[in-house]
Amino acid sequence: ASKGATITADSEYDKEPACTGEAIDGIIAGPWDFSNRWVSTLDTPHPHWIEVKLPQPARIGTIVIRFADPAGYPTSFQGIVRLEGRDQTVFDVEDYLNRNPRYYRADIDPVTTDTFRLIIRASANPAYANACQISEIELYSPAPPDPQPARTPGGCGIQADRLLFLGNSITLHPPAPQVFWDGNWGMAAGSEDKDYVH
């Protein structure tokens, strides 16, 4: 909201009027904090929806939905963006029960849009089967690609100047004539270049 976004929803809980705006106020509700959230009406069944409108089109690559109630988080939901007047689904989750009750993160194929809508089809708490609760909807631009490390012939691409191996005699065992072992490498290998470390 501080950057000009607006938000609408299909409904609000009648005891918390104007709560829709709290889903983009930048305040993340802690567990059992019921003061910083959007709550749908309890009187009509799912699906419910909440929609963020940006002041201008922006490139989006990550969407984070922060849930408000650890007992009543969404368990079936869909994310939709509007592209040139058409709706496009960017994620569709059908069974989120017993998953992370605090948030959901979707890294999507980047899109340029000014509208994101979250549709909630079911929630976890059977005592309030029709209720939806969302603390925050966060839309992020795509992260820049990681620079690729230089690869050496036959190398794995990891840049390091040391490696540490922890283990027993399979990792390394010095010569031990008492057990008829003359090598100075991991036991069970016929030569140094055949033990698992090398």
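**Pockets, nonpolar cores and local backbone features**

The second largest pocket of this predicted model is lined by Tyr13, Phe34, Arg37, Val39, Leu42, Asp69, Tyr128, Ala131 and Gln133. By class, six of these lining residues are nonpolar, one is polar and two are charged. The volume of this second largest pocket is about 150 Å³.

The largest pocket encloses about 560 Å³ of space. Strand E3 (48-67) and strand E7 (133-140) are the elements that contribute two or more residues to its lining. In total, 22 residues line the largest pocket, and those nearest its centre are Ala1, Lys3, Ala5, Leu54 and Leu139. Strand E3 supplies eight lining residues, the largest share. The lining of the largest pocket comprises 13 nonpolar, four polar and five charged residues.

Nonpolar side chains tend to be buried together in soluble globular proteins. In the present model, the largest nonpolar core contains 32 residues, and Ile65, Phe77, Phe91 and Leu118 have the most contacts inside it. Two or more residues of this core come from each of E3, strand E4 (74-83), strand E5 (86-93), strand E6 (103-123) and E7. The surroundings of Ile65 illustrate the packing at this site. With neighbours within four places in sequence left aside, Ile65 is in contact with Phe91, Arg102, Tyr103, Tyr104, Phe116, Leu118, Ile134, Glu136 and Ile137. Another core, of five residues, lies apart from the largest one and includes Trp181, Trp185, Met187 and Ala189.

Strand E6 also carries Ile108. Ile108 is classed as buried because its relative accessibility is 11%, which falls under the 20% limit. Residues up to four places away in sequence being excluded, Ile108 touches Ile60, Gly61, Ile63 and Val90. One of these partners, Gly61, is 47 residues from Ile108 in sequence, yet the C-alpha atoms of the two residues are 5.3 Å apart.

Trp49 is located in strand E3. A relative accessible area of 24% lies between the 20% and 50% limits, and Trp49 is therefore partly exposed. Outside the residues up to four places away in sequence, Trp49 touches Thr8, Ala9, Asp10, Trp38, Arg117, Leu118 and Ile119. Among these partners is Leu118, one of the residues with the most contacts inside the largest nonpolar core. Trp49 and Ile65 are separated by 16 residues in sequence and by 13 Å between their C-alpha atoms.

Ser11 occupies a position in the loop between strand E1 (6-9) and strand E2 (38-39). Although located in a loop, Ser11 is buried, because its relative accessible area of 14% is under 20%. When residues up to four places away in sequence are not counted, the residues touched by Ser11 are Thr20, Trp38, Val39, Ser40, Thr41 and His48. Val39 is also part of the lining of the second largest pocket, and Trp38 is a contact of Trp49 as well.

The loop between E1 and E2 also contains Ala18. In contrast to the buried Ser11, Ala18 is exposed because its relative accessibility of 58% is over 50%. Most residues other than glycine have a negative phi, and most peptide bonds are trans. Ala18, which is not a glycine, has a positive phi of about 65 degrees. A cis peptide bond, with omega of about 5 degrees, joins His46 and Pro47. Pro47 is situated in the loop between E2 and E3.

Strands E4 and E5 pair in the antiparallel sense over seven bridges. Within this pairing, Ile80 has Thr89 of E5 as its bridge partner. The two strands form a hairpin in which two residues lie between them, and Glu84 is found in the turn. Glu84, a residue other than glycine, has a positive phi near 50 degrees. With a relative accessible area of 79%, over the 50% limit, Glu84 is therefore exposed. Both strands of the hairpin also give two or more residues to the largest nonpolar core.

How values were computed
Residues numbered from 1 in each chain as written. Predicted model: local features only at pLDDT ≥ 70, side-chain atom pairs only at ≥ 80, totals over all residues. Heavy atoms only, no water. 1 Å grid on protein atoms, 1.4 Å probe; cavity = no way out; pocket = protein on both sides within 12 Å on 5 of 7 lines; lining within 4 Å. Points joined across faces, edges and corners; volume = space filled by probe spheres on them. Helix = DSSP H or I, 4+ residues; strand = E, 2+ residues; numbered from the N terminus. Nonpolar A, V, L, I, M, F, W, Y, C, P; charged D, E, K, R; others polar. Core = buried A, V, L, I, M, F, W, Y, C linked by side-chain atoms within 4.5 Å. Buried < 20%, exposed > 50% of the residue type's maximum accessible area, 1.4 Å probe, protein only. Contact = heavy atoms within 4.5 Å. Pairing = 2+ DSSP bridges.
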